[in-house]
Amino acid sequence: MKKGQLRYLNRIMFFCGCMLAIADVSAQAIIPIATENNMLLMQTDDNNRLRTVYFGKPLENEREYKAVVSNYNYDESNAGIYNSAYTPAGTWNLSEPAIQVKHADGNPSLELKYASHKKEQIDANTSVTSILLKDPVYPFEVTLFYKVWKKENVIEQWTEIKHKEKKPVLLQKYASANLYFANKNFYLTSFQGEYLKEMQPVETRLLQGIRTVDSKLGTRAMLLQTPNFILSFGKPASENEGTVMLGQLAWSSNFKLDFEIDSHKNLRLIAGINPFASEYSLAPNETFKTPSLIYALSNNGTGEASRNLHNWVRKHRILDGQGERLTLLNNWEATYFDFDENKIADLFKDAKDLGVDMFLLDDGWFGNKYPRNNDDAGLGDWQENKKKLPSGLGYLVKEAKKEGVKFGIWIEPEMVNPRSELYEKHPDWVIRQPERPEIYYRNQLVLDLSNPEVQDFVFGIVDDLFVKNPELAFIKWDCNAVIYNAYSAYLNKKGIPQSNLYVDYVQGLYKVLQRIRAKYPTVPMMLCSGGGGRGDYEFLKYFTEFWPSDNTEPLERIFLQWDYSYFFPSIATDNHVTDWGKQPLKFRVDVASMGKLGFDIVASKLDTNDKIFCKQAISNYNSFKDIVWHGDMFRLVNPHENDIAALMYVNENKSKAIVFNYLVNNRFSITATKQPVVLNGLDPKKKYAVKEINLYPDISSSLKGDNIFTGDFLMKVGFNPHVTLQRTSVVLEISEVE
Ligand code: DGJ
């Protein structure tokens, strides 16, 4: 065949391939979204409405897909249909909608009919299916997207909304996902909290009606409730068996998750941006992309689902998830606002002496007309305070380098104190009701990131720091206030409805972060929110880690880290050793080692043995941190249900593991842990030596003998770490032996 003919044939074949991928509109459409262990099946009905007909283990035989529907006899005459793949409001459906709009002409009705779908295969493991739905009356359309990572059993679901009406359409509700699960009892674990008590799990059986988990805080959205959830099918969630879904709405502001048990006792899940005060005005031909609902499914309990999510987060979400992190010494709890450059330079020596990689200068380094000597002034004025740092930041970066440590810095760029030059110059940049008294949260207000000038300003803070100090190694990005008195002078000036503010704020913030990452793609940044008010999969595209809570009391921290671990790999969570609580230093260091280790103590005041211990523990951490950051994590003994907590990390080829064991109940005398801790994730055929590490100076391990066992033994019988009132924290290193 000649070259020209071949090209022609290729073109025809390519055209046919595209035709195959786009389904025939006239026939009934059946759309499977399948991972290795799970399948979501959607199908059009006689009215060409798209419905979810199956959610469960993958059906093996494609020809049987269409037989699913005939096995259900639901009476649907009352509320419309419950299993709509994206429930519109204002026409035939009276159940909780996924989308509700007011058209340009003021009409509040919406119908969505299936138009077409296609599947794009990105690589052997990843595909994106998109389904186009159209209103037959108005030029209004919705596309549903399903991105699948097959091996990890992770699905990311979002929606794009577009119209060609003559004027803007008001989106009153615009969910990311609308799922349906049939024939089960459903248990929901949601995570609530408050400052210092973040991420507390509560499991409830879902009963009739809607259970809503939401946030209206604007900026520190995760503080009281979080967008993370565990759904367990048939029975309460457990670690190593049962079908569970671990999910999160990846949106860094107000969210709403509605779990509704309908009158068939089935579960509808509608998740998206919280419609509270957020009717969004969408101009013709513009696309509104919702945030993503991201979930992992497992038929083997929460442990497997977490490990899948961890892998996914590391490979596909968090910045540099497969890379390294910097251990650090932070001055916040050592100095608070009370320091000068000499005091700080002295701390570099401590950082060097401890053996950490970096020194992090926290709050209090800026502001001149209104010096930041307390939390009531200076925020917004990002120039070095001349009294505290007369030689400037550049000097500190250089001095740190001389000591052989890197230098990082704290900023809180979205915020402003009313006592600041920034506020005096730009009151119109601040989110505040012009006619009402200001309401402060930690004496501060939030800048209006819907305003492009404010976006430039915030980008400029980071850019300026790096331009002036190219060797700056780390940024801690804090956020200590919620949005009160939500009102934007900018939107008002532009004639854009105020109800766009919550959404435009976040999109403005993402734009800034995108600009930062375009110019500074790799520099590590910690997301902090005066504790655990922030940390979601969308933010993590731009950050290397986040701060789960200001609560560093190590006993409480065990629970907190345990609960975060359902959704986040340990490389993502920053754990600092501080002076909080009454636990010995060893306990504190061991707990902080289950993540990215840092210190926030006056290292020079440590006594000799404490110093020796810290240095040894940091050197041990350096030897196993790769397993904690990149290995598989197994939750072994749940502190919510037991006197001890145990958790382990295993490397990829199962040759090395680290097991952390802690006493979490001191209310009665425990002579020694009665039972062994059953390990997980090892190779049953390999032999392993069990050795205790992180021992305090002059204390020898109470584990006797050579302790060599097969993986089989360790995963069936287990190993007793001998946790006692005298040995409240025991770290075991498990190494393969010949
Ligand atoms: C809140 C953070 O959580 C702390 O670690 C510290 O950075 C302070 N803000 C500083 O104001």
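Is T327 buried or exposed? Select T327 to find out: with a relative accessible area of 1%, T327 is buried, and this tour, which moves through a predicted model, will come back to its surroundings after a look at the whole chain.

**The whole protein**

Begin with the full view in a cartoon display, where the secondary structure comes to 13 helices and 35 strands. The radius of gyration is 28 Å, close to the 27 Å that the globule rule gives for 738 residues, so the protein is as compact as a globular protein of that length. If you turn the model along its principal axes, the C-alpha atoms fill a box of roughly 80 × 70 × 70 Å.

Switching to a surface display, you are looking at an accessible surface of about 29,800 Å², of which 50% belongs to carbon and sulfur atoms, while 60% of the 738 residues count as buried. Colouring by charge brings up 86 positive and 91 negative charges, whose mean positions lie 4 Å apart. Among contacts between residues at least 6 apart in sequence, 68% join residues that are at least 24 apart.

**Helix α2 and T327**

Next select residues 301–317, which form helix α2. At 1.5 Å a residue its 17 residues should span 24 Å, and the C-alpha atoms at its ends are 23 Å apart, which agrees. Of these 17 residues 13 are buried, so α2 is largely enclosed by the rest of the structure.

Follow the chain onward from α2 and you reach T327, which is found in the loop between α2 and β20 (328–330). Leaving out residues up to four places away in sequence, T327 touches G355, V356, D357 and M358, and also L597 and Y621.

**Two methionines in loops**

Now select M199, in the loop between β10 (186–192) and β11 (200–205). M199 is buried, with a relative accessible area of 2%. Beyond its neighbours within four places in sequence, the residues in contact with M199 include F191, Q192 and G193, then T226 and N228, and finally D563, Y564 and F567. For a sense of distance, add V512 to the selection: it is 313 residues from M199 along the chain, and their C-alpha atoms are separated by 28 Å.

Move on to M222, whose place is in the loop between β12 (209–214) and β13 (225–233). M222 is buried as well, at a relative accessible area of 4%. With neighbours within four places in sequence set aside, M222 is in contact with P227 and N228, with G532, G533, R534 and G535, and with Y564. Two residues, N228 and Y564, therefore appear in the contacts of M199 and again in those of M222. Measuring from M222 to Y54 gives 32 Å, C-alpha to C-alpha, for residues that are 168 apart in sequence.

**Helix α5**

The last stop is helix α5, residues 392–403, whose 12 residues reach 18 Å from the first C-alpha to the last, close to the 16 Å expected at 1.5 Å a residue. Which residues of α5 are buried? Show side chains for G392, L393, L396, V397, E399 and A400, since these are the buried ones. An α-helix has 3.6 residues a turn, so residues three or four places apart point the same way.

To see what lies over the buried residues of α5, display the elements that cover them, including α4 (341–354), β21 (358–361), β22 (406–411) and α7 (452–468). Finish at G404, which follows α5 and has a positive phi, near 85 degrees.

Notes. Residues are numbered from 1 along each chain as its sequence is written. Side-chain values use heavy atoms; hydrogens and water are left out. Helices (H or I, at least four residues) and strands (E, at least two) are DSSP runs, numbered from the N terminus. The radius of gyration is taken over C-alpha atoms; the globule rule is 2.2 Å times the number of residues to the power 0.38. Buried means under 20% relative accessible area, exposed over 50%, partly exposed in between (1.4 Å probe, protein chains only). Contact means heavy atoms within 4.5 Å. Accessible areas come from the Shrake-Rupley method with a 1.4 Å probe; for residues, only the protein chains shown count as cover. Lys and Arg count as positive and Asp and Glu as negative; His and the chain ends are not counted. The place of a charge is taken as NZ of Lys, CZ of Arg, CG of Asp or CD of Glu. The expected span of a helix is 1.5 Å times one less than its number of residues.
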